[in-house]
Amino acid sequence: MKWQTAITNINNGQEIIRGKKLSGLIKTNTFTETIFLIWQGRMPKSAEIKMMDALLVAAIDHGTGTASAMAARIVASAKNSMHTSLAAGILAMGERHGSAIETAAKFFIENKNNKNLAQTVKELKDKKVRLAGFGHAVLSKDERSTELFKMAKKLGFYKDCCIVAQATEKELNKISSKPLPLNIDGAMGAILADMGFDPKMMKGVFITARVPGLVAHIFEEIQNDAGLRRLGEDEIEYIGK
Ligand SMILES: CC(C)(COP(=O)(O)OP(=O)(O)OC[C@H]1O[C@@H](n2cnc3c(N)ncnc32)[C@H](O)[C@@H]1OP(=O)(O)O)[C@@H](O)C(=O)NCCC(=O)NCCS
């Protein structure tokens with residue numbers, strides 16, 4: 001069975017990516033433009049470049065305390081290589097951190113025309129379902145989302161999914177015991193959906209944005225070489241026999 005691809009072709013030493021010569025892209029294109037080209041199969045318009053750049057910047061890092069940065073640094077502290085530590089960081093992402101984007105986008109797409117959104121949100125909350133893209137361990141307001149939505153409005157990407165995302169935030173916060181801001185996964189999911197991205201690709205977008213941040217954490221850990229990270233005994237409670 002042949003492996004068919006519409007992405008790349010290397011012929012007579014010349015590489016073609018989505019119909020464009022790589023040698024030409026090197027000379028004229030930014031990384032963000034080329035990312036968009038390889039993902040979407042066409043060159044981005046200027047508004048798309050600006051929006052994609054902003055999305056990638058917004059998710060570049062969120063501190064040492066995040067599951068992915070902690071995992072990457074712990075693995076680096078055990079004297080593993082950059083790529084092993086990076087893999088650990090990426091694998092630490094899950095539905096609660098870094099990977100809520102796909103589920104969030106699917107919810108926004110499915111509820112674009114929902115006239116009973118308030119009821120839907122209440123039913124989910126009553127069933128103790130955590131809505132993907134909402135809530136944050138340390139933030140009661142997520143400025144990254146606010147800035148991204150401002151930019152989406154300016155650039156023409158604030159459409160149905162962004163509207164339903166912000167309406168869901170409003171409804172959820174009416175019935176929640178604590179503030180549940182629309183977080184970076186939710187904002188990115190809504191904007192990318194309004195830009196026409198398939199939710200199945202979105203975790204890849206988030207990981208692409210976060211990898212430079214993880215590389216910085218791992219390199220710092222390797223450079224500082226502060227020793228093996230482990231839990232202090234005071235943080236461990238034995239509850240067995
Ligand atoms: C991010 C997250 C893990 C932070 O959790 P937390 O701040 O530690 O929240 P807690 O686990 O203390 O929950 C506090 C209350 O808020 C509720 N809650 C938290 N996030 C919720 C969400 N997304 N939807 C509905 N309710 C939520 C909890 O059910 C709990 O309610 P209760 O007090 O009635 O039992 C959590 O908000 C979540 O799971 N969000 C969805 C996944 C997501 O978007 N992750 C990306 C984060 S950038």
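Which helices each supply at least two residues of the lining of the second largest pocket? Keep that one in mind, and we'll come back to the answer shortly. Hello everyone, and thanks for coming. One thing to say before we start: what you see above is a predicted model.

Let's begin with the overall layout. The domain assignment splits the protein into domain 1, residues 1-44, and domain 2, residues 46-230. If you take the C-alpha centres of domain 1 and domain 2, they are 28 Å apart. Where the domains are in contact, eight residues come from domain 1 and 13 residues from domain 2.

Now for the inside. The largest nonpolar core has 53 residues, and those that touch the most other members are M51, F108, L148 and M195. Helix α10, residues 184-194, is the top contributor here, giving seven residues to this core. Both domains take part as well: at least three residues of this core come from domain 1, and at least three from domain 2.

Let me pick out F108 from that group. Setting aside neighbours within four places in sequence, what is F108 in contact with? The list runs F134, C161, V164, A165, L182, G186, G189 and A190. Please find F134 and L182 on your screens, as both names will come up again.

On to the pockets. The largest pocket holds about 940 Å³ of space. It is lined by 33 residues, and R96, R130, F134, G135 and H136 are the closest to its centre. So there is F134 again, the contact partner of F108. Helices α10 and α11, the latter spanning 199-224, are the elements that give two or more residues to this lining. Sorted by class, the lining of the largest pocket has 12 nonpolar, 12 polar and nine charged residues.

And that brings us back to my opening question. The second largest pocket has about 210 Å³ of space. The helices I asked about are α8, residues 143-155, and α9, residues 160-175. Of the two, α8 provides the largest share of the lining, with five residues. Going along the chain, the lining residues are S140, K141, D142, S145, T146, F149, K150, K153, Q166, E169, P181 and L182. L182, you may remember, is also in contact with F108. By class, this lining comprises three nonpolar, four polar and five charged residues.

That's my tour. Do take a moment to find these places in the structure yourselves, and thank you for listening!

Conventions: Residues numbered from 1 in each chain as written. Predicted model: local features only at pLDDT ≥ 70, side-chain atom pairs only at ≥ 80, totals over all residues. Heavy atoms only, no water. Core = buried A, V, L, I, M, F, W, Y, C linked by side-chain atoms within 4.5 Å. Buried < 20%, exposed > 50% of the residue type's maximum accessible area, 1.4 Å probe, protein only. Helix = DSSP H or I, 4+ residues; strand = E, 2+ residues; numbered from the N terminus. Domains from an automatic or database assignment. Contact = heavy atoms within 4.5 Å. 1 Å grid on protein atoms, 1.4 Å probe; cavity = no way out; pocket = protein on both sides within 12 Å on 5 of 7 lines; lining within 4 Å. Points joined across faces, edges and corners; volume = space filled by probe spheres on them. Nonpolar A, V, L, I, M, F, W, Y, C, P; charged D, E, K, R; others polar.
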